[in-house]
Amino acid sequence: MSRSARRRARTALVMGAAAVMAAAGIVAMEGTAYAASTLGASAAEKGRYFGTAVAANHLGESPYVSTLNTEFNSVTPENEMKWDALEKSRNSFSYGPADQIVSHAQSRNMKVRGHTLVWHSQLPSWVGSLNATELRSAMNNHITQVMQHYRGKIHSWDVVNEAFQDGSSGARRSSPFQDKLGNGFIEEAFRTARAADPAAKLCYNDYNTDGQNAKSNAVYNMVKDFKQRGVPIDCVGFQSHFNSASPVPGDYQANLKRFADLGVDVQITELDIEGSGSSQADSYSRAVNACLAVTRCTGITVWGITDKYSWRASGTPLLFDGNYNKKPAYHSVLAALGGSGGTPDPGTPGGATCSVSYRQTAAWGDRFNGQVTVTAGSSPITSWSVNVTVASAQDIVTTWNGTPTWDSSGNVMTMRPNGNGSLAAGSSTSFGFTVMTNGNWNAPTLGACTAS
């Protein structure tokens, strides 16, 4: 039977599931409990965040927002907080798209990383035309105005971005700030930032610093000097853009740790890894495990949700493909994070929450049965929904004790109550399904439970 034919047959199979199972002589077998969580929820269980770069102009796209809301607990505006977006004309600020991202994040209880205050790129032309005195004033004013606008809303700020050259020199990069203000501009930017929002973590962020090399050594020496002299710096961001020519370095974890040992947090801030399949999945796993092994690695941000909107889309570097299907890299990251149990939906209004857990209950030569248990949180709920995602080779052919719908791929099933969905606080219900493996015995992945 074709995939489309099996999909059409599902509804008819649901009602007769119990009879079919009895006739087949099914013997339930206790299975292993599998992680039933999302990227953000799994990271939170490890005391970390798992975030993504977000573009305001995609927030009207339903699959984009659904994936964002379900999987991530931190956001970074991709371009909306850069200088040319916020202050195109001197001392005239426009916050609309950035505010949209921040408001969305706050509505879902997500953290926000601010990116970025002082950077040589994406500068409006007027900045480069200023003399040194004017530039110093403009830089400090920009930092102060932007940080005060978002005061209390930003967890970590990339105060200065990419100030060092590539190559073996370890020298500073030429920029209006470096050329006119000299080496002291970074320290001045951090001191201004601390005054503007004392509660925000202040980060230096750069690329090609993931392993120990001349560039990372130069950043390391700067951070060490800042800590010794009391310059306010709280964290260092490692962009971590990898591909086959520049893979995850063998000393990645050791490099993160040596920075953390200076007394700063470290964050993976723009992770993407070009490739596909198991090779890409293995690279992602190594990167995530490196962070988890360093106590002061506080979070990971991937630079985008879906491959189709990536800044290097041809390299398919992200965890979701162009149709928002979870790639092998997604599953390797989730496994590395080791999510367990289930997680309440952090954005559910009114205190209504629920959690989910999964177990395999029976298995045969070509299929297995799964059971999902839905448990209400500390308050009663009147309804719930849970997404169940199977691998592309698999097919859910039978369900019971719920009302399913499927996305266009046939791989993501959304299960809702079959009738009354009310649960008292702490009470549970369950639904089940049969998965044809087609050679793939991986457990399904559960999305966060949504309650009302």
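Analyst: A residue is called buried when its relative accessible area is under 20%, exposed when that area is over 50%, and partly exposed in between. Keep in mind that this is a predicted model. By that rule, Phe-238 and Phe-259 are both buried, and 54% of the 452 residues in the protein chain are buried too.

User: What makes Trp-83 and Trp-126 an edge-to-face pair?

Analyst: Two numbers settle it. Ring centres have to lie within 6.5 Å to pair, and planes over 60 degrees apart count as edge-to-face. Here the centres are 6.1 Å apart and the planes stand at 70°, so edge-to-face is the right label. The pair also links distant parts of the chain, with Trp-83 in helix H5 and Trp-126 in helix H7, 43 residues apart. Both of these tryptophans are buried.

User: And why is the Phe-238 and Phe-259 pair called edge-to-face?

Analyst: Run the same check. The centres are 5.1 Å apart, against a limit of 6.5 Å, and the planes meet at 80°, against a threshold of 60, so this pair is edge-to-face as well. Phe-238 sits in strand E7 and Phe-259 in helix H12, so the contact ties together parts that are 21 residues apart in sequence.

User: Which residues share a cluster with Trp-83?

Analyst: Trp-126, Phe-177 and Phe-185 join Trp-83 in one aromatic cluster. The structure holds 17 aromatic pairs.

User: How do you know that Cys-203 and Cys-235 form a disulfide?

Analyst: The cut-off is a pair of cysteine sulfur atoms within 2.5 Å. For Cys-203 and Cys-235 the S to S distance is 1.9 Å, so the pair passes that cut-off. The angle about the S-S bond is -80°, and the link is left-handed. Cys-203 lies in strand E6 and Cys-235 in strand E7, so the disulfide ties together parts 32 residues apart in sequence.

User: Why is Cys-203 counted as buried?

Analyst: Its relative accessibility is 0%, which falls under the 20% limit, so Cys-203 is buried. Cys-235 also comes out at 0% and counts as buried.

User: What makes the Cys-354 and Cys-449 disulfide left-handed?

Analyst: The torsion about its S-S bond is about -100°, so the link is left-handed. Cys-354 belongs to strand E11, while Cys-449 is in the loop between strands E18 and E19, so the disulfide connects parts that are 95 residues apart in sequence. The sulfur atoms are 1.9 Å apart. With relative accessible areas of 1% for Cys-354 and 0% for Cys-449, both ends are buried.

User: Why does the Cys-291 and Cys-297 link get that handedness label?

Analyst: The torsion there is about -105°, so this disulfide is left-handed. Its sulfurs lie 2.1 Å apart, and Cys-291 and Cys-297 are buried. The count comes to 3 disulfides, in the pattern 1-2, 3-4, 5-6 along the chain.

User: How do you know that Asp-166 and Lys-215 form a salt bridge?

Analyst: A side-chain nitrogen of Lys or Arg must come within 4 Å of a carboxyl oxygen of Asp or Glu. The N to O distance in this pair is 2.8 Å, so it qualifies. The bridge links distant parts of the chain: Asp-166 is in the loop between strand E5 and helix H9, Lys-215 is in helix H11, and they are 49 residues apart.

User: Are those two buried or exposed, and what else does Lys-215 do?

Analyst: Asp-166 is partly exposed at 36%, while Lys-215 is buried at 2%. The charged end of Lys-215 also sits over the ring of Tyr-207, 3.6 Å from its centre. In another case, the charged end of Arg-258 sits over the ring of Tyr-220, 4.7 Å from its centre.

User: What makes Glu-61 and Lys-308 a salt bridge?

Analyst: Their closest N and O atoms are 3.3 Å apart, and the limit is 4 Å, so the pair counts. Glu-61 is in the loop between strand E2 and helix H4 and Lys-308 in the loop between strand E10 and helix H14, 247 residues apart. Lys-308 is partly exposed, with a relative accessible area of 39%.

User: Why does Asp-272 with Arg-312 count too?

Analyst: The N to O distance is 2.7 Å, which is within 4 Å, so it is a salt bridge. Asp-272 is in strand E9 and Arg-312 in the loop between E10 and H14, 40 residues apart. Both residues are buried. The structure holds 17 salt bridges, and Glu-187, Arg-191, Asp-225 and Arg-229 are linked in a network of them.

Terms used
Residues numbered from 1 in each chain as written. Heavy atoms only, no water. Buried < 20%, exposed > 50% of the residue type's maximum accessible area, 1.4 Å probe, protein only. Phe/Tyr/Trp six-rings, centres within 6.5 Å; stacked < 30°, edge-to-face > 60°. Helix = DSSP H or I, 4+ residues; strand = E, 2+ residues; numbered from the N terminus. Lys NZ or Arg CZ within 6 Å of the ring centre and 35° of its normal.
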